[in-house]
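Colleague: I am new to this structure and would be grateful for a close look at a single part of it. Please take me through its surroundings step by step.

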Amino acid sequence: MQAKCVECSYSLVGLPSRGRCPECGRVYDLTWEYEPVTSGERARALVEGVRACLPSARTVSIVVFILTIAGVVVGLAWRGWRQFCEASGTFALFGG
(Lines give C-alpha, C1' and ligand atoms only; values in the text may rest on other atoms or scores of the structure.)
Protein backbone atom coordinates (compact mmCIF):
# COMPACT_ATOMS: atom_id res chain seq x y z
CA MET A 1 0.00 0.00 0.00
CA GLN A 2 1.25 3.47 -0.82
CA ALA A 3 1.60 5.85 2.08
CA LYS A 4 -0.14 8.88 0.56
CA CYS A 5 -2.85 11.18 1.87
CA VAL A 6 -6.16 10.36 0.19
CA GLU A 7 -7.06 14.07 0.12
CA CYS A 8 -3.96 15.74 -1.28
CA SER A 9 -1.64 12.80 -2.18
CA TYR A 10 1.05 14.07 0.19
CA SER A 11 3.63 11.37 0.93
CA LEU A 12 3.16 10.04 4.45
CA VAL A 13 6.36 7.95 4.35
CA GLY A 14 8.28 8.28 7.62
CA LEU A 15 5.32 9.68 9.57
CA PRO A 16 3.52 7.84 12.39
CA SER A 17 0.91 5.28 11.33
CA ARG A 18 -1.86 7.55 12.64
CA GLY A 19 -2.12 11.32 12.62
CA ARG A 20 -2.96 14.35 10.52
CA CYS A 21 -1.57 15.08 7.10
CA PRO A 22 0.92 17.93 7.43
CA GLU A 23 -0.18 19.30 4.04
CA CYS A 24 -3.99 19.42 4.26
CA GLY A 25 -4.77 18.43 7.88
CA ARG A 26 -6.92 15.38 7.03
CA VAL A 27 -6.81 12.59 9.59
CA TYR A 28 -5.07 9.46 8.28
CA ASP A 29 -4.56 5.97 9.58
CA LEU A 30 -2.07 3.84 7.66
CA THR A 31 -3.27 0.70 9.44
CA TRP A 32 -6.64 0.87 7.64
CA GLU A 33 -6.93 -1.58 4.81
CA TYR A 34 -8.66 -0.06 1.81
CA GLU A 35 -8.43 -0.05 -1.92
CA PRO A 36 -8.73 3.22 -3.79
CA VAL A 37 -11.93 3.54 -5.80
CA THR A 38 -11.71 4.84 -9.35
CA SER A 39 -14.18 7.32 -10.75
CA GLY A 40 -15.50 4.64 -13.10
CA GLU A 41 -16.30 2.38 -10.14
CA ARG A 42 -18.00 5.29 -8.37
CA ALA A 43 -20.11 6.00 -11.48
CA ARG A 44 -21.12 2.33 -11.77
CA ALA A 45 -22.07 2.25 -8.08
CA LEU A 46 -24.15 5.41 -8.52
CA VAL A 47 -25.98 3.97 -11.53
CA GLU A 48 -26.66 0.72 -9.66
CA GLY A 49 -28.00 2.71 -6.69
CA VAL A 50 -30.35 4.65 -8.94
CA ARG A 51 -31.50 1.45 -10.67
CA ALA A 52 -32.28 -0.10 -7.30
CA CYS A 53 -34.68 2.79 -6.56
CA LEU A 54 -36.55 2.63 -9.87
CA PRO A 55 -39.65 0.46 -10.30
CA SER A 56 -39.43 -2.55 -12.60
CA ALA A 57 -40.84 -2.51 -16.13
CA ARG A 58 -43.57 -4.90 -14.99
CA THR A 59 -44.67 -2.51 -12.25
CA VAL A 60 -44.75 0.42 -14.67
CA SER A 61 -46.79 -1.54 -17.23
CA ILE A 62 -49.30 -2.62 -14.57
CA VAL A 63 -49.75 0.98 -13.39
CA VAL A 64 -50.19 2.22 -16.98
CA PHE A 65 -52.76 -0.53 -17.63
CA ILE A 66 -54.74 0.33 -14.49
CA LEU A 67 -54.71 4.05 -15.31
CA THR A 68 -55.86 3.33 -18.86
CA ILE A 69 -58.76 1.19 -17.66
CA ALA A 70 -59.68 3.86 -15.09
CA GLY A 71 -59.64 6.51 -17.83
CA VAL A 72 -61.91 4.44 -20.04
CA VAL A 73 -64.35 3.83 -17.15
CA VAL A 74 -64.43 7.53 -16.23
CA GLY A 75 -64.90 8.51 -19.88
CA LEU A 76 -67.79 6.10 -20.32
CA ALA A 77 -69.39 7.26 -17.07
CA TRP A 78 -69.09 10.90 -18.16
CA ARG A 79 -70.60 10.10 -21.56
CA GLY A 80 -73.48 8.26 -19.91
CA TRP A 81 -74.05 11.14 -17.49
CA ARG A 82 -74.18 13.66 -20.35
CA GLN A 83 -76.62 11.50 -22.30
CA PHE A 84 -78.78 11.11 -19.21
CA CYS A 85 -78.79 14.84 -18.56
CA GLU A 86 -79.60 15.68 -22.19
CA ALA A 87 -82.42 13.14 -22.27
CA SER A 88 -83.96 14.37 -19.02
CA GLY A 89 -83.48 18.05 -19.85
CA THR A 90 -81.43 18.77 -16.74
CA PHE A 91 -78.18 19.31 -18.60
CA ALA A 92 -78.95 23.05 -18.94
CA LEU A 93 -78.34 23.35 -15.19
CA PHE A 94 -74.68 22.54 -15.75
CA GLY A 95 -74.02 25.22 -18.35
CA GLY A 96 -74.39 23.02 -21.44
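Modeller: A suitable place to begin is a polar contact of 3.1 Å, which joins the side chain of aspartate 29 to that of arginine 18. Please bear in mind that this is a predicted model. The side chain of aspartate 29 has a further polar contact, of 2.5 Å, with the side chain of threonine 31. Aspartate 29 itself belongs to strand E2, which covers residues 27-29. Its relative accessible area is 12%, and because buried means under 20%, aspartate 29 counts as buried. If residues up to four places away in sequence are set aside, aspartate 29 touches Ser17 and Arg18. Arginine 18 therefore appears both as a neighbour of aspartate 29 and as a partner in the polar contact of 3.1 Å, while aspartate 29 is buried.

The cysteines may be considered next. The structure holds zero disulfides. Cysteine 24 is accordingly in no disulfide, and the nearest cysteine sulfur, that of cysteine 5, is 3.6 Å away; a disulfide would require the two sulfur atoms to be within 2.5 Å. Cysteine 24 is partly exposed, with a relative accessibility of 36%, whereas cysteine 85 is buried at 1%.

Finally, there is helix H2, made up of residues 57-88. Its 32 residues reach 46 Å from the first C-alpha to the last, close to the 46 Å expected at 1.5 Å a residue. Glycine 89 follows H2 and has a positive phi, near 80°.

Notes:
Residues are numbered from 1 along each chain as its sequence is written. This is a predicted model: local features need pLDDT of at least 70, side-chain atom pairs count only at pLDDT 80 or more; totals for chains, interfaces and linings use all residues. Side-chain values use heavy atoms; hydrogens and water are left out. Helices (H or I, at least four residues) and strands (E, at least two) are DSSP runs, numbered from the N terminus. Buried means under 20% relative accessible area, exposed over 50%, partly exposed in between (1.4 Å probe, protein chains only). A polar contact is a pair of N or O atoms within 3.5 Å; within protein, one must be able to donate a hydrogen and the other to accept it, and residues adjacent in sequence count only if both atoms are side-chain atoms. Contact means heavy atoms within 4.5 Å. The expected span of a helix is 1.5 Å times one less than its number of residues.
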